[in-house]
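This report describes a single protein chain through its nonpolar cores, its sheets and its aromatic contacts. The sequence and the coordinates are shown first.

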Amino acid sequence: MANFMQDSVVKYACSCGILNPISRLFFCRHCPNLRCGFCVCHEVDSHFCSNCLENIPSSEVRHKKNCCASCFDCPCCQNTLSPRATSVIVPKKLEEGDSDSAKGESSKVITKKMYYLSCLACRWTSRDVGIPDQVVATGAWPENECAYQTRFNALSEYYQAVVQQDKQEKQEYLRRKAPRSHKFPSLTDRTGLTVSIIRRQMGWSDKNTQKAKPVNIAASKQYDDVGELPDAIFTENINLRNITSIKQRHNQPSEQPFDISKLYPQRRCMWIKRSLRCRQCEHNVIKPEYHPTSIKYRIQLFASYHVPDVLLVKCEQVLQPGQLNAVILKLSNPTMHDMVIKIVDLPTLADNQSSKVTEDFKRLCSIKDTSLSASNAMDSLKSLTGSSSLTGPSSLSGTSLIRHSFIYEEPRAVKQVVNSKLLPLDKAFTLNLRDDSKEFDEETQTQTEEPKFIVWRKANKVLLRLNFIPHSDLKDFDEVYLGFNMLYTYVNTVTITPDKKEPTTHDLNCRVYIKVGQISK
């Protein structure tokens, strides 16, 4: 809780090489690997208004320009405006055919209920800008029309026609380049009338559709004479209370008013509920409930529920360059199964075989081209296996040359530089499963031999001492970063195939980077 509003000192490395705290990472149980916000696909599930909680379809949201029809934001402080009722005295209207006695009663007045918008935070009202009161509370408020709306609509229609024309030309080019499906031409329908009649009977459009042509619009004109500033701008006193801020002007990009008397209420933008999907295996990592009032998830594969949580407790001594020091780390097991954890050094470039695996994969995929001749295919086969025969120990019998549906991800190096040397632990240790009932039980001391580096253990938590030596070339007030590779066992309860119903155990690893502190004088 000490760094709740600050940047976390313990960060995990994702498969893409970006460092994030465990609260911002996801875990895919099908790969299984850590995923960050850049390793997943973001899909919009539903649109809703955060004020009235109205669920709106995507087609209607596009028509309403991603704004709610009944909720407004304050143009001054961006809070939600509330409709307020007031009583207005108006004269009674006479209808045609009324008698003279009724005309004598025309001087009578009646009380009518009217509504206006008011902000409960800054006390701004719709009456400040001259918006008349309305008879109903929602749905009848006038909108401030943009002076350039006609020009924007013309430009939008023009570029839509340009895109449609480019799409038709591309389809025509691909149709002409595509090979014919049969060797001999059709002799039964030379005119194409039969095909056209059949397509019309089925409700399809004819193939010979008219090409979209952009409508010519007036080009924008450039004016060199902008005009000079008025003399009063240098002499009159400026009242900053009457001048709009940058944020207020950006909320109204069509007008960008200079005076606060020209600020009009803005319709509230829609919010979305999105689901996250793994880019490699295309399985959902996060799937929220569809209803906007629900805060639950159908699928929630956060990394904090599957990966051991590492916290920095303290540093035992003052940080000095080249001197032995130790940190106390707290590890927690969030799963319902025991974990065997081992802490080792980070993999170096010489030990890392990811680049070799990537090159082998690309080399195997080099014969996917179907236009290769027999000689080129034999040369590619010989370059892959070292032999021109399809049999033998070096054949491609165990190699898949078919394109897979998932995306092969290339491991990336972490840019964070570690300026301390880790003294790895001599052996692995077991982290007990999570049991909520043990939190309230009395602590009982069991006579078990613990390794020397374990300081304290209770339930699914353990404190361990990790020794390290900062580099001797560090200067005063330099940040010390410690990194290690944490190997752990993970029990996957997801049933991938019907034949495999028992949970499987995976040996996983994750790279952890800790900002220990600064070098003292």
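The largest nonpolar core of this predicted model has 43 residues, and those with the most contacts inside it are Y12, L331, L466 and F484. Seven strands are listed as supplying at least two residues each: strand 1, strand 15 (325-332), strand 16, strand 18, strand 20 (461-470), strand 21 (479-492) and strand 22. Strand 21 gives the most, with 6 residues.

F484 is one of the residues with the most contacts inside this core. Leaving aside neighbours within four places in sequence, F484 is in contact with V310, L329, I343, V344, L346, L422, L466, C510, R511, V512 and I514. The C-alpha atom of F484 is also separated by 8.7 Å from that of P347, although the two residues are 137 residues apart along the chain. P347 is found in the loop between strand 16 (339-344) and helix 7 (354-364). Its relative accessible area is 44%, so P347 counts as partly exposed.

Apart from the largest core lies another, of 10 residues, among them L81, Y115, I131 and W141.

**Sheets**

The protein chain has 8 helices and 22 strands. One open sheet is formed by 6 strands in the order 2-1-22-21-16-18, with antiparallel pairing. Strand 2 (19-20) and strand 18 (429-431) stand at its edges; each has a single partner strand, so one side of each is left without a neighbour in the sheet. Within this sheet, strand 1 (residues 10-13) and strand 22 (residues 504-518) pair in the antiparallel sense over 3 bridges. K11 stands opposite Y513 in strand 22.

A further open sheet is formed by 5 strands in the order 6-5-11-12-13, and its pairing is also antiparallel. Here the edges are strand 6 (55-56) and strand 13, each with a single partner strand, so one side of each is left without a neighbour in the sheet. Strand 5 (residues 40-48) is joined to strand 11 (residues 271-278) by 8 bridges, and the two strands run antiparallel. F48 stands opposite W271 in strand 11.

**Aromatic contacts**

The structure holds 7 aromatic pairs. A pair of aromatic rings is described by the distance of the centres and the angle of the planes. Two of the pairs are set out below.

| Pair | Distance between centres | Angle between planes | Arrangement |
|---|---|---|---|
| F26 and F302 | 5.9 Å | 35° | tilted |
| F429 and F453 | 5.8 Å | 65° | edge-to-face |

F26 lies in strand 3 (residues 26-28) and F302 in the loop between strand 13 (297-300) and strand 14 (309-315), so the pair ties together parts that are 276 residues apart in sequence. Both F26 and F302 are buried. These two residues also belong to one aromatic cluster, formed by F26, Y297, F302 and Y305.

The pair of F429 and F453 likewise links distant parts of the chain: F429 is in strand 18, while F453 is in the loop between strand 18 and strand 19 (454-458), 24 residues apart. F429 has a relative accessibility of 5% and therefore counts as buried. F453 is buried as well, with a relative accessible area of 8%.

A contact between a charge and a ring is also present: the charged end of R127 sits over the ring of Y116, 4.1 Å from its centre.

**Whole chain and confidence**

Of the 521 residues of the protein chain, 27% count as buried. Among contacts between residues at least 6 apart in sequence, 66% join residues at least 24 apart.

The protein chain averages a pLDDT of 78, and 74% of the residues score at least 70. Which residues have a pLDDT under 50? One such stretch covers residues 353-378, for which the model has 21 contacts beyond four places in sequence. Another covers residues 380-406, with 29 contacts beyond four places in sequence. Helix 7 is assigned to residues 354-364, and pLDDT stays under 50 over residues 353-378.

Notes
Residues numbered from 1 in each chain as written. Predicted model: local features only at pLDDT ≥ 70, side-chain atom pairs only at ≥ 80, totals over all residues. Heavy atoms only, no water. Pairing = 2+ DSSP bridges. Helix = DSSP H or I, 4+ residues; strand = E, 2+ residues; numbered from the N terminus. pLDDT = per-residue confidence, 0-100. Contact = heavy atoms within 4.5 Å. Buried < 20%, exposed > 50% of the residue type's maximum accessible area, 1.4 Å probe, protein only. Phe/Tyr/Trp six-rings, centres within 6.5 Å; stacked < 30°, edge-to-face > 60°. Lys NZ or Arg CZ within 6 Å of the ring centre and 35° of its normal. Core = buried A, V, L, I, M, F, W, Y, C linked by side-chain atoms within 4.5 Å.
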